[in-house]
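Hi,

Here is the structure I promised to send over. Please have it open while you read, and my notes follow straight after.

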Amino acid sequence: MPDPQLPSQPAAGDGTADPVGPIAAALAGPGWCVAEAFLSPAETGALAAECQALWEEGGFRHARIGVGANLRLRPEIRSDRVHWIDPAAPAPALRPYLERIERLRLALNESLWLGLFEFEGFFAVYPPGSFYARHMDNFEGARHRLVTCVLYLNGDWAPGDGGELRLYTDGEDPTRRVDIEPRGGTLAAFLSERFPHEVLPARRDRLSLTGWLRLRD
Ligand SMILES: O=C(O)CCC(=O)C(=O)O
Ligand SMILES: [Fe+2]
């Protein structure tokens, strides 16, 4: 099996490398990948500042799980806070990311015939001690999310800070897993239906932009 850990790449915005092709290839192969420097430090910093400003305005709420009438607060399962993005009016800081995700959507539709229709996503903040227990991204009764994309926004995340994304690479065997550090500018992408995952407790505020390429309702 090819190594799904993509090599560290130059900033995608500097014209020397485009991460979209390798990510699409990794999703078609092992089904998951980690792309460092998916955004440049400046682009990542602008998103972190946007996230911080929304937080200070009181724009976040406790994340819930489930769908429709079954949406529930379950802090014993997840304790992050979220702010959903309005795709019709994205903040300027979101544009470089949304542009790259749109190209990934088109590349996946071309290579894998996934029929991905749109992106939905939210800023997430995991305050110290918060986590998200092992889960799948599609809740009962809704199977529209095909590709999970998580972009990390803390420019100075260090190994002792916790908050790793633990991805179970073989759903049958819980010992087969990778822990992905949430370092600013890194994108973790995986097929939503294939990989259970969890977020280990963060020891400091952990900022991210989580979203899905999904089918039409
Ligand atoms: O932040 C992460 O690393 C993953 C978040 C997640 O699994 C989710 O929001 O469904
Ligand atoms: Fe998830």
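Thr-175 and Asp-173 are joined by a polar contact between their side chains, at 2.6 Å. Please keep in mind that this is a predicted model, here and in everything below. Thr-175 belongs to the loop that runs between β7 (165-168) and β8 (177-180). Is Thr-175 buried or exposed? Its relative accessible area is 64%, and exposed means over 50%, so Thr-175 counts as exposed. For a sense of distance, take Val-20: 155 residues separate it from Thr-175 in sequence, and their C-alpha atoms are 30 Å apart in space.

Leu-209 makes a good counterpoint. This residue is part of strand β11. Leu-209 has a relative accessibility of 0%, and the cut-off for buried is under 20%, so Leu-209 is classed as buried. Between Leu-209 and Glu-110 there are 25 Å from C-alpha to C-alpha, with a separation of 99 residues in sequence.

Now to the ligand, which I expect you will want to look at on screen. Where does ligand 1 sit? The space it takes is the largest pocket. Around ligand 1 there are 14 residues, and the closest of them are His-135, Asp-137, Tyr-152, His-197 and Arg-206. Sorted by class, the shell consists of 8 nonpolar, 3 polar and 3 charged residues.

Three of the side chains can be followed atom by atom to oxygen atoms of ligand 1:

- Tyr-152 has a polar side-chain atom 2.6 Å from an oxygen atom of ligand 1.
- Arg-206 places a polar side-chain atom 2.8 Å from an oxygen atom of ligand 1.
- His-135 has a side-chain N or O atom at 3.1 Å from an oxygen atom of ligand 1.

How much of ligand 1 does the protein cover? On its own, ligand 1 has 300 Å² of accessible area, and the protein covers 98% of that.

Which strands build the shell? At least two residues each come from β4 (118-126), β5 (132-135), β6 (145-152), β10 (197-199) and β11 (206-214). Among these, β11 gives the most, with 3 residues. That brings us back to the strand that holds Leu-209.

If you want a route through the model, you could begin at the loop with Thr-175, go on to Leu-209 in β11, and finish at the pocket taken by ligand 1.

Happy to talk any of this through.

Best wishes

Key: Residues numbered from 1 in each chain as written. Chains lettered and ligands numbered in written order. Predicted model: local features only at pLDDT ≥ 70, side-chain atom pairs only at ≥ 80, totals over all residues. Heavy atoms only, no water. Near = heavy atom within 4 Å. Polar contact = N/O pair within 3.5 Å; in protein donor to acceptor, adjacent residues only side chain to side chain. Areas by Shrake-Rupley, 256 points an atom, 1.4 Å probe, with all protein chains shown as cover. 1 Å grid on protein atoms, 1.4 Å probe; cavity = no way out; pocket = protein on both sides within 12 Å on 5 of 7 lines; lining within 4 Å. Sits in = over half its atoms within 2 Å of the grid points. Helix = DSSP H or I, 4+ residues; strand = E, 2+ residues; numbered from the N terminus. Nonpolar A, V, L, I, M, F, W, Y, C, P; charged D, E, K, R; others polar. Buried < 20%, exposed > 50% of the residue type's maximum accessible area, 1.4 Å probe, protein only.
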